Amino acid sequence: MKKKLKKIGLLFSFTLLLLLIWNYQLVSYGIGQGWGQAKILWNAQSVEEALKSNTLTDSLKKKLMLIQEVKQFAEDSLGINKSKNYTTFYDQKGKTLLWIVTACPPYQLKAHEWTFGFLGKFSYKGHFNFKNAQKDSIELAQKGYDADISEVSAWSTLGWFKDPILSSMLKRSEGDLTNLIIHELTHGTLYVKNDVDFNENLASFIGDKGALLFLEKKFGKNSHYYQNYLDENHDDSLFYEYILRKTTLLNQLYEDEKFKMKKESEKKIVKQNFISKTLQELSSLPFRKRKYDAKKLAKFKPNNTFFMGYLRYRAKQNNFEEELQENFGGNLKKYLHYLKQKYPSL
């Protein structure tokens, strides 16, 4: 019997070893992500402790308290799942914590995907170490992809951990901060496997709508906070709609048979001319705030991943709005409840 158990144990160990070797990259990535997340969670302090700290200004402490109100509002008035998210605070000390890598084929608006076990497929890959993100980006570029590395100011662990408030969040305006918190809390409430575009579009939609409702309730429609957020929304909407129109045109260009017949060198020139013209025309849009000023627009160096990003976060907004108004009379809580019943979440 002991020999039999020993053989079973050896077989199990050998099988486990083979799985680890076969999935070495996934296991290594998972360990890196887990370690990065663990360091943040371990060093986070309770909001109560942060409010007593002498290192935060009164204005930042007000935003910490505002987040608690936003969270309560989201749970009570929007139907967001109750959680302990954003009840702790982590001071980044001005450092970026997370970078994400995205990629697309050079002449196709189709996101490259990574598979992460039971969590499914994702069209982006996060890294707590910039060098690892850089390595991924270089490897993808060598394979011919358009690749990009972006800094991340917030993320959701989908209920697996207690997401902390990050110090960089507190630099945002009241309206933008409210939107961000509701966006991330939506991920923890409903996240459909293998459908990043749906998840991000829904979180953006609930964040936009929920922020307006919260600001109206807390400050009133005539308040500076509400009006400032309307101006921010106006500019964001102008930008998103413009980029989505250009994304449609770029996609049509790539699918055009005449374009497909061109030489590689000719394709590059046509693509670059399209992107350059897109950036030049941006400056003529009637923005109200300084968020999209000439200095910021000049920093844009977009490739296909840039356009794919707006499909991921903004392409389905009109669909959600139509369904919300026609089927739920504009009641966001009823709509979110319906979606939670309709879609199985992780």
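**Exercise 1. Tyr 86 and Leu 158**

Task: In this predicted model, find where Tyr 86 is placed, and decide whether Tyr 86 is buried or exposed.

Solution: Begin with the chain position, which puts Tyr 86 in the loop between helix 4 and strand 2. Next, look at the backbone, where the phi of Tyr 86 is near 65°, a positive value in a residue other than glycine. Finally, take the relative accessibility of 1%: because buried means under 20%, Tyr 86 counts as buried.

The steps can be repeated for Leu 158, which lies in the loop between strand 7 and strand 8. Leu 158 is not a glycine, yet has a positive phi of about 60°, and with a relative accessible area of 17% Leu 158 is buried.

**Exercise 2. The nonpolar cores**

Task: Identify which residues of the largest nonpolar core touch the most other members, and which residues Ile 181 touches when those up to four places away in sequence are not counted.

Solution: The largest nonpolar core has 63 residues, and Trp 155, Ile 165, Met 169 and Ile 181 touch the most other members. Helix 7 gives the most to this core, with 8 residues. Turning to Ile 181, and leaving out residues up to four places away in sequence, one finds contacts with Ile 67, Val 70, Tyr 86 and Met 169. A second, separate core has 25 residues, among them Cys 104, Phe 259, Tyr 292 and Phe 307.

**Exercise 3. A sheet of three strands**

Task: Determine what order the strands have in the open sheet of 3 strands, and which strands stand at the edges.

Solution: The order of this open sheet is 1-2-8, and the pairing is mixed. Strand 1 (45–46) and strand 8 (165–166) each have a single partner strand, so they stand at the edges, and one side of each is left without a neighbour in the sheet. Strand 2, which covers residues 88–90, pairs with strand 8 in the parallel sense over 2 bridges, and Phe 89 stands opposite Ile 165 in strand 8.

**Exercise 4. Aromatic pairs**

Task: Classify the pairs Phe 73 with Phe 214 and Phe 328 with Tyr 335 as stacked, tilted or edge-to-face.

Solution: The model holds 23 aromatic pairs. For Phe 73 and Phe 214 the distance is 5.5 Å centre to centre, with 70° between the planes, and since an angle over 60 degrees counts as edge-to-face, that is the class of this pair. The pair links distant parts of the chain, with Phe 73 in helix 4 (residues 58–78) and Phe 214 in helix 7 (residues 196–219), 141 residues apart. Both Phe 73 and Phe 214 are buried.

For Phe 328 and Tyr 335, the ring centres are 5.3 Å apart and the planes stand at 40°, so the pair is tilted. Phe 328 is buried, with a relative accessible area of 18%, and Tyr 335, at 0% relative accessibility, counts as buried too. Both belong to one aromatic cluster, formed by Phe 198, Phe 205, Phe 320, Phe 328, Tyr 335, Tyr 338 and Tyr 343.

**Exercise 5. Helix 12 and the cavity**

Task: State how many residues of helix 12 are buried, and which residues line the largest cavity.

Solution: Helix 12 (residues 304–314) is mostly covered, with 9 of its 11 residues buried; including Phe 306, Phe 307 and Arg 312. These buried residues pack against strand 3, strand 7, helix 7, helix 8, helix 10 and helix 13. The largest cavity has a volume of about 60 Å³, and is lined by Gln 37, Ala 154, Trp 155, Thr 157, Asp 163, Pro 164, Leu 166 and Met 169.

Note on methods
Residues are numbered from 1 along each chain as its sequence is written. This is a predicted model: local features need pLDDT of at least 70, side-chain atom pairs count only at pLDDT 80 or more; totals for chains, interfaces and linings use all residues. Side-chain values use heavy atoms; hydrogens and water are left out. Rings of Phe, Tyr and Trp (its six-membered ring) pair if their centres lie within 6.5 Å; planes under 30 degrees apart count as stacked, over 60 as edge-to-face and the rest as tilted. Helices (H or I, at least four residues) and strands (E, at least two) are DSSP runs, numbered from the N terminus. Buried means under 20% relative accessible area, exposed over 50%, partly exposed in between (1.4 Å probe, protein chains only). A nonpolar core is a set of buried Ala, Val, Leu, Ile, Met, Phe, Trp, Tyr and Cys residues joined through side-chain atoms within 4.5 Å. Contact means heavy atoms within 4.5 Å. Two strands pair if DSSP finds at least two bridges between them. On a 1 Å grid over the protein atoms alone, a cavity is a set of points where a 1.4 Å probe fits but cannot get out, and a pocket is an open set with protein on both sides within 12 Å along at least five of seven lines; lining residues have an atom within 4 Å of a point. Grid points are joined across faces, edges and corners, and a volume is the space filled by probe spheres set on the points.
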